[in-house]
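Good morning, colleagues. Please turn to the structure on the screen, and I shall take you through its aromatic contacts and then its largest pocket.

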Amino acid sequence: WQLLHPHIIPVLDTFTQKVDIQAYTLSEPWFQQYHKTDTHGWHRHPQSVYNVVYYLELPHDSHPTVLRNPLNIQQMITPNVQQGDLLIFPAFITHCSPPNPSSQRKSIIAFNIV
């Protein structure tokens, strides 16, 4: 986190200015690693404003976070992200990590804008 944090702050500053957030706080970061068939079910982060996922390791044959359209829960949205990308989305969006089909590990570092 100490290595990543200085690189993320300029991106978050630009983002929060664009969405008219004057000041923000970050939650404590956490990481998750997904080996073959590992998954994380549907969930939300209700005490936050935005969720942030940094894709530390995202094999080409693995799946990123999948978002569910809150106005049509049958519609799934798969962001076009790759290893090294930062995904920021509203915290009210239900999301999951589908089973990892890859034999390679998928690793993310996540935190919330609160």
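Is Y50 buried or exposed? In this predicted model, Y50 has a relative accessible area of 16%. Residues under 20% count as buried, so Y50 is buried.

Let me place that residue among the aromatic contacts. There are 2 aromatic pairs in the structure. One of them joins W1 to F111 in an edge-to-face arrangement, with 5.0 Å between the centres and 65 degrees between the planes. Because W1 belongs to the segment before α1 (5–18) and F111 to strand β8, this pair ties together parts that lie 110 residues apart in sequence. W1 is partly exposed, at 33% relative accessibility, whereas F111 is buried at 0%.

Y50 pairs with F15: the ring centres are 4.9 Å apart and the planes stand at 90 degrees, so this pair is edge-to-face. Helix α1 contributes F15 and strand β3 contributes Y50, so parts 35 residues apart in sequence are tied together here. F15 is buried as well, with a relative accessible area of 19%.

Two rings also carry a charge over the face. R68 lies over W42, 4.3 Å from the ring centre, and the charged end of K106 sits over Y34 at 4.7 Å from the centre of the ring.

Finally, the largest pocket. Its space is about 190 Å³, and 19 residues line it, with Q32, H43, V53, H95 and I108 nearest its centre. The lining comprises 9 nonpolar, 9 polar and 1 charged residue. Strand β8 gives the most to this lining, with 5 residues.

How values were computed
Residues are numbered from 1 along each chain as its sequence is written. This is a predicted model: local features need pLDDT of at least 70, side-chain atom pairs count only at pLDDT 80 or more; totals for chains, interfaces and linings use all residues. Side-chain values use heavy atoms; hydrogens and water are left out. On a 1 Å grid over the protein atoms alone, a cavity is a set of points where a 1.4 Å probe fits but cannot get out, and a pocket is an open set with protein on both sides within 12 Å along at least five of seven lines; lining residues have an atom within 4 Å of a point. Grid points are joined across faces, edges and corners, and a volume is the space filled by probe spheres set on the points. Helices (H or I, at least four residues) and strands (E, at least two) are DSSP runs, numbered from the N terminus. Ala, Val, Leu, Ile, Met, Phe, Trp, Tyr, Cys and Pro count as nonpolar, Asp, Glu, Lys and Arg as charged, and the others, Gly among them, as polar. Rings of Phe, Tyr and Trp (its six-membered ring) pair if their centres lie within 6.5 Å; planes under 30 degrees apart count as stacked, over 60 as edge-to-face and the rest as tilted. Buried means under 20% relative accessible area, exposed over 50%, partly exposed in between (1.4 Å probe, protein chains only). A charge sits over a ring if NZ of Lys or CZ of Arg is within 6 Å of the ring centre and within 35 degrees of the ring normal.
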